[in-house]
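Please work through the exercises below with the sequence and the coordinates open beside you. Try each task before reading its solution.

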Amino acid sequence: TATITRRSGNYKPSLWDFNFIQSLDSAYLGECYVKRASELKQQVNGMLQERAVEPVDQLELIDNLQNLGIASHFQDKIKQILETIYQRNYDINCATHQPNQIKDLYATALEFRLLRQHGFHVPQEIFDCFKNKKGDFKASLGDDTKGLLQLYEASFLLTEGESSLELAREFTTNLLQEKLQTNINDDNLSLLVRRSLELPRHCMLLRPNVRWFLDAYGRRPDMNPTVFELAKLDFNIYQANVQQELKHISRWWKETGLAEKLPFSRDRVVESYFWTIGIEPLEQGHERILATKIIMLETVLDDIFDVYATPEELHLFYNVIQRWDLESIEKLPIYMQIYFVVLNNTVNEIAYHILKQQGVVTIQHLRKAWMDLCKAYMKEAVWYNNGVKPGLKEYLDNAWISVGVPTFLYQVYFLVTNPIEKEATKYFDEYHNIIRGSSMIARLADDVATAGDELERGDVTKSVQCYMNETGASDEEAREAMRLLIWEAWKKLNTDRISSSCPFPEVFIQNVVNLARVGQSIYQYGDGYGYQHSETKNKDRIVSMLFDPVA
Ligand SMILES: CC1(C)[C@@H]2CC[C@@]1(C)[C@@H](OP(=O)([O-])OP(=O)([O-])[O-])C2
Ligand SMILES: [Mg+2]
Ligand SMILES: [Mg+2]
Ligand SMILES: [Mg+2]
Ligand SMILES: [Mg+2]
Ligand SMILES: [Mg+2]
């Protein structure tokens, strides 16, 4: 037979091999630490109960607890505090309603953001008092960097049609960028401004940024020692538990033999686990382990379709998967046989977990999630093999699925939703708007970061190139256009998630919105997933989150 020339992703081995992962150990698994943490939680809970506290101080405490990764321990109390503030200041149907008194931009924007984050839809008009008669934001606000930063952060919670928040985003972005050129006298503040201009808080994952915020919080004059000690302890206890799960996944991965039998594909246990951590809340360790297996198997499947398989092999493979026909795998090359048996085992394992937990049979839905993904992968492979360069819309209509996010979220839905409403699956047959929105953000972020390397080795034209082909734009202009599409997708996601027609439980909506943040985080500094550039800051973030305890 003619020698088959196969492409290669030139993927390096993982930075963290099996032995390294198995060697992970942490003192913070000890019971004494858990006990100390619960004492500190009591004290912090007391701080939240205090009546005499100024509203803005209470809001700052809540914001700090969130950024330190410990707000989840006080979720009910926080929701209650915010509900009271909402009813007092904004709910005209409420007896205690007093039209909003605060005229301070910092407090107004902080309150707006925290209330909206928790589902209280505060009107954008509360910022009108900071505008002049022409309807522009007053130039005098330029002296209030803290307030401008809060207004900047708040503006990213905008929903469709909220032009005032759109105006706030432009106003604050321009002013903050200017301020970075001159000197912002407060070092902490200029650090926060620089960081938020890179990626606003609303689009940022919490967990991978806890370590950074912990270090910054420890340097602040207004740092509260009790909060600080709890945050450090909670960080280390979380890290110790996560390391145990990572060891479990790493043993499973070795047993499958996929990295060894399919060496052309990416071997990324730790980075895959980052996706799972990012889409929290996934309460149970077992759910996190199963979710990570999905990401790892999507990665290998993507490399089979994008990099390694010949068109003939893909044709055979595609038909076997669409029929989910285990008996007919003999005609596949051995590497595909191995993959498909591991995939089938994992789908059965997930179906079994859900059947045992809830008595619901999901096997057909789980298989459909993978069949849909292969349809999207196959479409790209056919385009590539036939030299077809799709238009941007034609490409994206398929690529929000080929990025693997709907397949992942479809299965996460079954893992986290209890009870599963029988008719819920119809929301996945066409995939609900919020699934599409989150997937689109991940896809666009992925393309901006990975398309260069992918096209070098040979792959379907990605959104950046489709845009360049259609408009004659330069590479940099096309990337900027994709970044604008990401902001548009966020605005639509912000809108769809609060619309009454959104059928999903709040927990799953958080998983969906956090997935978009995972996409923006993993690819924030280039391809933080596929390539093991030592200078990828994503690597540093992973090390500080998973491997280095805080002193
Ligand atoms: C988990 C994933 C998001 C999905 C499979 C591996 C990924 C990291 C990404 O990898 P990539 O090769 O960049 O996807 P695509 O560009 O080939 O669709 C697509
Ligand atoms: Mg490999
Ligand atoms: Mg790929
Ligand atoms: Mg692909
Ligand atoms: Mg890619
Ligand atoms: Mg890639």
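The exercises that follow concern a predicted model, and each task is followed by a stepwise solution.

**Exercise 1. Determine how many residues surround ligand 1, which are the closest, and which classes the shell contains.**

Solution. Begin by collecting the residues with a heavy atom within 4 Å of the ligand. This gives 15 residues around ligand 1, of which the closest are Asp302, Asp306, Arg443, Asp446 and Glu454. Next, sort the shell by class, which yields eight charged, three polar and four nonpolar residues. Finally, assign the shell to secondary structure: helix 13 (285-308) and helix 20 (433-457) each contribute at least two of its residues.

**Exercise 2. Find which side chains place a polar atom 2.8 Å, 2.5 Å and 3.0 Å from an oxygen atom of ligand 1, and state how much of the ligand the protein buries.**

Solution. Start with aspartate 302, which has a polar side-chain atom 2.8 Å from an oxygen atom of ligand 1. For aspartate 306, the corresponding distance from a polar side-chain atom to a ligand oxygen is 2.5 Å. Then turn to lysine 462, where an N or O atom of the side chain is 3.0 Å from an oxygen atom of ligand 1. As for burial, ligand 1 taken alone exposes 440 Å², and the protein buries 99% of that area. The last step is to look at the space itself, since the volume taken by ligand 1 is the largest cavity.

**Exercise 3. Identify the residues that coordinate the magnesium ion (ligand 5), and describe how they are spaced in sequence.**

Solution. First list the donors, which are Asp446 (OD), Thr450 (OG1) and Glu454 (OE), at 2.1 to 2.3 Å from the magnesium ion (ligand 5). Then read their positions along the chain, which give the spacing D-x3-T-x3-E. Threonine 450 and glutamate 454 are separated by about one helical turn because they are four residues apart in helix 20. To finish, check for another metal: the magnesium ion (ligand 3) is 4.8 Å from the magnesium ion (ligand 5).

**Exercise 4. Locate the peptide bonds with omega near 5 degrees that precede proline 281 and proline 419, and say whether they are cis or trans.**

Solution. The bond from glutamate 280 to proline 281 is cis, with omega near 5 degrees, and proline 281 belongs to the loop between helix 12 (269-278) and helix 13. Asparagine 418 and proline 419 are likewise joined by a cis peptide bond, with omega about 5 degrees. Proline 419 is found in the loop between helix 18 (405-416) and helix 19 (426-429). For context, most peptide bonds are trans.

How values were computed
Residues numbered from 1 in each chain as written. Chains lettered and ligands numbered in written order. Predicted model: local features only at pLDDT ≥ 70, side-chain atom pairs only at ≥ 80, totals over all residues. Heavy atoms only, no water. Polar contact = N/O pair within 3.5 Å; in protein donor to acceptor, adjacent residues only side chain to side chain. Areas by Shrake-Rupley, 256 points an atom, 1.4 Å probe, with all protein chains shown as cover. 1 Å grid on protein atoms, 1.4 Å probe; cavity = no way out; pocket = protein on both sides within 12 Å on 5 of 7 lines; lining within 4 Å. Sits in = over half its atoms within 2 Å of the grid points. Nonpolar A, V, L, I, M, F, W, Y, C, P; charged D, E, K, R; others polar. Donors = N, O, S within 2.8 Å, 3.2 Å for Na, K, Ca; no water.
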